[in-house]
Amino acid sequence: MILLLSAVVAGIISGIYFNIHIPNNLTTILLMFLVFSVGVDIGSEEKILSKLKINMKNILFQSILTILGSLAFGALAIFFTDLNLKESLGASAGFGWYSLSGVMISNLYSPVLGAISFTANVIREILAIVLIPLVAKWSPLGAVSIGGATSMDTMLGVISKSTDKETTLIAFGQGVILSLSVPILITLIF
């Protein structure tokens, strides 16, 4: 975890002081390589398809709990902000997918709320980087929930390193389901 946090801090400092520009396609290629590597690790597991079938109920249950928990805690924001319930639920319906949720909400409702959603989901991803290794010691599936939709891509490596292969499989499934849910829920809310 210290190595991961050090890499993030070094990247931020490099971006601020050295004006390093990394092409978008390089970031995408590296992310795809990370996801591919975890996929190879999952795929090398014996009887992976039967394990996926066995874990489907867990994946669905995990996804539903993550969606409900994210929306419930998002709804609590009405007590601490000027957002109404619709805005609060909409902003939290990104489940960590800041690039999509921010743009969708900006187009469907308000650029200000889109910026709020973007920021909230970026903060969720940063917290996930820090918290997943810590929470995984006590609750591996709780750690998966923190990642939200990003548990299938950017957080998959952190989850894989912090948990076991079965939990990583559940994380990937949760990420797929939440990623599919984001555009649907945001459209329904707004």
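Here are some questions and answers on how the labels for this predicted model are reached.

Q: What makes up the secondary structure of the protein chain?
A: There are 9 helices and 0 strands. Reading from the N terminus, the elements go α-α-α-α-α-α-α-α-α.

Q: Why is Phe73 called exposed?
A: Phe73 sits in helix α3, which covers residues 48-75. Its relative accessibility is 64%, and the label exposed needs a value over 50%. So Phe73 counts as exposed.

Q: Why does Ser88 count as buried?
A: Ser88 belongs to helix α4. Its relative accessibility comes out at 2%, and buried means under 20%, so the label buried fits Ser88. Other buried residues in α4 (residues 85-92) include Glu87 and Gly90. For the protein chain as a whole, 35% of the 190 residues count as buried.

Q: Which residues is Ser88 in contact with, leaving aside its neighbours within four places in sequence?
A: They are Gly74, Ala75, Ala77, Ile78 and Leu83. As for Phe73, its C-alpha is 9.3 Å from that of Ser88, with their places 15 residues apart in sequence.

Q: How do you know that a side-chain oxygen of Asn84 and the backbone nitrogen of Lys86 make a polar contact at the start of α4?
A: The oxygen of Asn84 comes within 3.1 Å of that nitrogen of Lys86. A polar contact asks for N or O atoms within 3.5 Å, one able to donate a hydrogen and the other to accept it. The pair at Asn84 and Lys86 therefore fits.

Q: Why is Trp97 called partly exposed?
A: You'll find Trp97 in the loop between α4 and α5. Its relative accessible area is 31%. Under 20% would be buried and over 50% exposed, so Trp97 lands in between and is partly exposed.

Q: What does Trp97 touch, leaving aside its neighbours within four places in sequence?
A: Trp97 is in contact with Asn121, Ala149, Ser179 and Val182. There's also a polar contact of 3.2 Å between the side chains of Trp97 and Ser99.

Q: What makes α5 roughly antiparallel to α6?
A: Look at the angle: helix α5 (residues 98-108) packs against helix α6 (residues 111-135) at about 165°, and the axes are 7 Å apart. Anything over 145 degrees counts as roughly antiparallel, so that is the label for α5 and α6. Their crossing is right-handed.

Q: Which residues of α5 meet α6?
A: On the α5 side they are Tyr98, Ser101, Gly102, Ile105 and Ser106, and their partners in α6 include Leu113, Phe118 and Glu125. By class, this contact of α5 with α6 has 7 nonpolar, 6 polar and 1 charged residues.

Q: Why is α5 called roughly parallel to α9?
A: The axes of α5 and helix α9 (residues 165-189) cross at roughly 25° and come within 10 Å. Angles under 35 degrees count as roughly parallel, so α5 and α9 get that label. This crossing is right-handed.

Q: Which residues make the contact of α5 with α9?
A: From α5 come Leu100, Ser101, Met104, Ile105 and Leu108, and from α9 come Val182, Pro183, Ile186 and Thr187. That contact splits into 7 nonpolar and 2 polar residues, with no charged ones.

Note on methods: Residues numbered from 1 in each chain as written. Predicted model: local features only at pLDDT ≥ 70, side-chain atom pairs only at ≥ 80, totals over all residues. Heavy atoms only, no water. Buried < 20%, exposed > 50% of the residue type's maximum accessible area, 1.4 Å probe, protein only. Helix = DSSP H or I, 4+ residues; strand = E, 2+ residues; numbered from the N terminus. Axes fitted to C-alpha atoms, helices over the stretch in contact; angles between N-to-C directions. Parallel < 35°, antiparallel > 145°, perpendicular 65-115°, else oblique. Left-handed = near helix turned anticlockwise from the far one by under 90°. Contact = heavy atoms within 4.5 Å. Nonpolar A, V, L, I, M, F, W, Y, C, P; charged D, E, K, R; others polar.
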